[in-house]
Amino acid sequence: MAALVALVPADQDATPGVTRVIIPKSLLHCSTAWLVKPHPTNHAMLRALATLLLFQCFGEGLSMGLHVPVPGPVIGLLLLFGYLLIRPSAVDSIEPTALELLRHLSLLFVPAGVGIMVAADRVRGEGLAIAVALVVSTTLAIAVTALVTRALMRRQMRRARVNTPSEL
């Protein structure tokens, strides 16, 4: 059981059951305001983090509950995307926190890297399968990105032609 400690001036009584640390008033400079400093809390960031984690938990719950072979965070991301489509005003409240997380994304790979190192013995015999999966998935990701980019660029060019008055 942890002991409770209270810093109190010598002339004040401590709460019963709390360890009393006596501090001479000369050290307190006649003020106890320095004991409790207000901490500026960014409630918007906390709400955004809570929203992101809530959608991840929803995704995990759906993935486990429905026995879907899709990772929970992916389902959570799709749910978040749907939520942001329905309520675009929420983008402004989540975006700064999401961008801050993305700035430090490399730190989030450390636990995964440690997990790979710990499980290296179990994975050793599956090296070829892992290499093939990595090459195929990377190739597919690049191909899909290229196709989507091309489609979006064509769409943008069509819109530009429609919106520009034609010269006769």
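This is a short walk through one protein chain, from its overall make-up to a helix pair, a buried threonine and a salt bridge.

Please keep in mind that the model is predicted.

I will start with the whole chain. The secondary structure comes to eight helices and two strands. Reading from the N terminus, the order is β-β-α-α-α-α-α-α-α-α, with the two strands ahead of the eight helices. The protein chain has 168 residues, and 10% of them are buried. As for contacts, take those with a separation of 6 or more: residues 24 or more positions apart account for 24% of them.

Next, the helix pair. Two packed helices are described by the angle between their axes and the distance between the axes. Here the pair is H2, residues 43-66, and H3, residues 72-86. Their axes lie 7 Å apart, and the packing angle is about 125°. That angle makes H2 oblique to H3. The crossing of H2 and H3 is right-handed.

Which residues make this contact? On the H2 side they are Leu52, Phe55, Gln56, Phe58, Gly59, Glu60, Leu62 and Ser63. On the H3 side they are Gly72, Pro73, Ile75, Gly76, Leu79, Leu80 and Tyr83. By type, the residues of the contact of H2 with H3 divide into nine nonpolar, five polar and one charged.

Now to helix H4, which covers residues 89-103. Thr97 sits in this helix. Is Thr97 buried or exposed? Its relative accessibility is 4%, so Thr97 counts as buried, the cut-off for that being under 20%. Leaving aside residues up to four places away in sequence, Thr97 touches Ala44, Met45, Ala48 and Leu49. These four numbers fall within residues 43-66, the range of helix H2.

Last, the charged pair. Side chains of opposite charge can pair when their charged atoms come close. How many salt bridges does the structure hold? There is one salt bridge. Arg103 forms it with Glu100, and the closest N and O atoms are 3.3 Å apart. The two residues are three apart in helix H4, which means that about one helical turn separates Arg103 and Glu100. Arg103 has a relative accessible area of 61%, so it is exposed. Glu100, at 29%, is partly exposed.

To put the H4 residues side by side: Thr97 is buried, Glu100 is partly exposed, and Arg103 is exposed.

Conventions. Residues are numbered from 1 along each chain as its sequence is written. This is a predicted model: local features need pLDDT of at least 70, side-chain atom pairs count only at pLDDT 80 or more; totals for chains, interfaces and linings use all residues. Side-chain values use heavy atoms; hydrogens and water are left out. Buried means under 20% relative accessible area, exposed over 50%, partly exposed in between (1.4 Å probe, protein chains only). Contact means heavy atoms within 4.5 Å. Axes are lines fitted to C-alpha atoms, for helices over the stretch in contact, and angles run from 0 to 180 degrees between N-to-C directions. Angles under 35 degrees count as roughly parallel, over 145 as roughly antiparallel, 65 to 115 as roughly perpendicular and the rest as oblique. A crossing is left-handed if the near helix is turned anticlockwise from the far one by less than a right angle, and right-handed if clockwise. Ala, Val, Leu, Ile, Met, Phe, Trp, Tyr, Cys and Pro count as nonpolar, Asp, Glu, Lys and Arg as charged, and the others, Gly among them, as polar. A salt bridge is a side-chain nitrogen of Lys or Arg within 4 Å of a carboxyl oxygen of Asp or Glu.
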